Amino acid sequence: CVDGTLYTGIARDAAKRFAEHKAGKGARYTRAHPPRRIVYRESCANRSAALRREYAIKALSREGKLRLSKTA
């Protein structure tokens with residue numbers, strides 16, 4: 001986000017969801033902390049797997065999330 005924070009979420013179409021966030025729609029967090037760019041993205045087999053992966057990523061420290069983004 002523009003303030004240097006990292007936001008984690010799931011979407012079927014990441015580019016469309018990012019545009020919605022940029023437009024101030026969607027998550028309350030991204031309305032208060034506008035997104036700057038996507039730093040990491042991965043695909044999952046289904047929504048259930050995506051939710052589990054989102055939870056695991058959110059549990060990471062900031063440093064862990066930054067390391068993950070550098071593997072992309």
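**Helices H3 and H4, and the surroundings of His-21**

In this chain, confidence is highest in helix H3, at a mean of 97, and lowest in helix H2 (residues 28-32), at a mean of 90, where confidence means pLDDT, the predictor's own score for each residue from 0 to 100, and where helices are DSSP runs of H or I with at least four residues, numbered from the N terminus. What we are looking at is a predicted model, in which local features need pLDDT of at least 70 and side-chain atom pairs count only at pLDDT 80 or more, while totals for chains, interfaces and linings use all residues. Residues are numbered from 1 along each chain as its sequence is written, and side-chain values use heavy atoms, with hydrogens and water left out. Over the chain, the mean pLDDT is 93, and 99% of the residues reach 70 or more.

Let me begin with H3. This helix has 13 residues, 47-59, which at 1.5 Å a residue should span 18 Å, and its end C-alpha atoms are indeed 18 Å apart; the expected span is 1.5 Å times one less than the number of residues. Within H3, Ala-49, Ala-50, Glu-54 and Ile-57 are buried, and because these buried residues fall within an arc of 140° when seen down the axis, they line one face of the helix. The arc is taken from the directions that run from the helix axis to the C-beta atoms, and buried means under 20% relative accessible area, exposed over 50%, and partly exposed in between, with a 1.4 Å probe and protein chains only. The face turned away from the buried side of H3 carries the exposed residues Arg-52, Tyr-55 and Ala-59.

What, then, covers the buried residues of H3? The cover includes helix H4 (62-70), and H3 in turn is part of what covers the buried residues of H4. Those buried residues of H4 are Gly-64, Lys-65, Leu-68 and Ser-69, and they cover an arc of only 140° around the axis, which puts them on the same side of H4.

Finally, I would like to turn to His-21, which has its place in helix H1 (residues 14-22). Is His-21 buried or exposed? With a relative accessible area of 7%, His-21 is buried. Leaving aside residues up to four places away in sequence, His-21 touches Tyr-7, Gly-26, Ala-27, Thr-30 and Pro-35, where contact means heavy atoms within 4.5 Å.

Methods: Helix = DSSP H or I, 4+ residues; strand = E, 2+ residues; numbered from the N terminus.
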